[in-house]
Amino acid sequence: MSDLAKYIEVRPKSFDPHKILAYLDALDKRLIQAEINYDEVKEQVQEVFDFVVNEKITNSSLSVANAKIQATNDKRYKKVKKELSDKKKIYLFSKVESKNGHSYCDHLKQQSINELATEKLTRN
């Protein structure tokens, strides 16, 4: 069996607003950074493709169609496409972590409310 993900290991075990706020803040900041990194690489993909196509047209006197075909097989373009794929995986993973973290903390909140209500009802 594999180890638990880090965000699960460090999650708050009880409803403490300060710990929950810090936990969710860390998850959300990681998500924002992952999205920024993904968006930056997404923009680079088109820039690299356009650069390689232009280079192929200029240096090899190719038609635009042939230059585009060759550009898709160029190692520079393949490298940035691979980086885009990696950044997208990190972004999607961070998105799931953040969503799960928020859901878990909502559950803690509801559990705390239920415990307080039960405690109050049993005292009366």
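1. In this predicted model, the axes of H2 and helix H3, the latter spanning residues 64-72, approach each other to within 8 Å and cross at roughly 125 degrees. An angle of that value makes H2 oblique to H3, because angles over 145 degrees would be needed for roughly antiparallel and 65 to 115 degrees for roughly perpendicular. The crossing in which H2 passes H3 is right-handed.

2. On the H2 side, the contact with H3 is made by Phe49, Val52, Val53, Lys56 and Ile57, and on the H3 side by Val64, Ala67, Lys68, Gln70, Ala71 and Thr72. Sorted by class, the residues in this contact of H2 with H3 are 7 nonpolar, 2 polar and 2 charged.

3. The loop between H2 and H3 holds Ser61, a residue that deserves a look at its backbone. Ser61 has a positive phi of about 50 degrees, although it is not a glycine. With a relative accessibility of 65%, Ser61 counts as exposed, because the cut-off for that class is over 50%.

4. The other helix pairing to examine is that of helix H2 (residues 17-60) with helix H4 (residues 75-123), whose axes come within 8 Å and cross at roughly 160 degrees. H2 is therefore roughly antiparallel to H4, and the crossing in which H2 passes H4 is left-handed. The contact of H2 with H4 comprises, by class, 20 nonpolar, 6 polar and 12 charged residues.

5. How many aromatic pairs are there? The count comes to 2 aromatic pairs. Tyr38 and Tyr91 form a stacked pair, with 5.5 Å from centre to centre and 5 degrees between the planes. This pair links distant parts of the chain, since Tyr38 belongs to helix H2 and Tyr91 to helix H4, with their positions 53 residues apart in sequence. Tyr38 is buried, and Tyr91 is buried as well.

6. The rings of Phe49 and Tyr77 have centres 5.2 Å apart and planes at 55 degrees, so this pair is classed as tilted; the angle would have to be under 30 degrees for a stacked pair and over 60 for an edge-to-face one. Here too the pair links distant parts of the chain, with Phe49 in helix H2 and Tyr77 in helix H4, 28 residues apart. Both Phe49 and Tyr77 are buried, and Phe49 is also one of the H2 residues that make the contact with H3.

7. Is Glu97, which is found in helix H4, buried or exposed? Glu97 has a relative accessible area of 6% and is buried, because that class takes values under 20%. Not counting residues up to four places away in sequence, Glu97 touches Tyr7, Leu27 and Arg30.

8. Tyr23 lies in helix H2 and is buried, its relative accessible area being 9%. Leaving aside neighbours within four places in sequence, Tyr23 is in contact with Tyr7, Val10, Arg11, Pro12, Gly101 and Cys105. Tyr7 thus appears among the contacts of Tyr23 and also among those of Glu97. As for distance along the fold, Tyr23 and Lys82 are 59 residues apart in sequence and 31 Å apart in space, taken from C-alpha to C-alpha.

Terms used:
Residues numbered from 1 in each chain as written. Predicted model: local features only at pLDDT ≥ 70, side-chain atom pairs only at ≥ 80, totals over all residues. Heavy atoms only, no water. Axes fitted to C-alpha atoms, helices over the stretch in contact; angles between N-to-C directions. Helix = DSSP H or I, 4+ residues; strand = E, 2+ residues; numbered from the N terminus. Parallel < 35°, antiparallel > 145°, perpendicular 65-115°, else oblique. Left-handed = near helix turned anticlockwise from the far one by under 90°. Nonpolar A, V, L, I, M, F, W, Y, C, P; charged D, E, K, R; others polar. Buried < 20%, exposed > 50% of the residue type's maximum accessible area, 1.4 Å probe, protein only. Contact = heavy atoms within 4.5 Å. Phe/Tyr/Trp six-rings, centres within 6.5 Å; stacked < 30°, edge-to-face > 60°.
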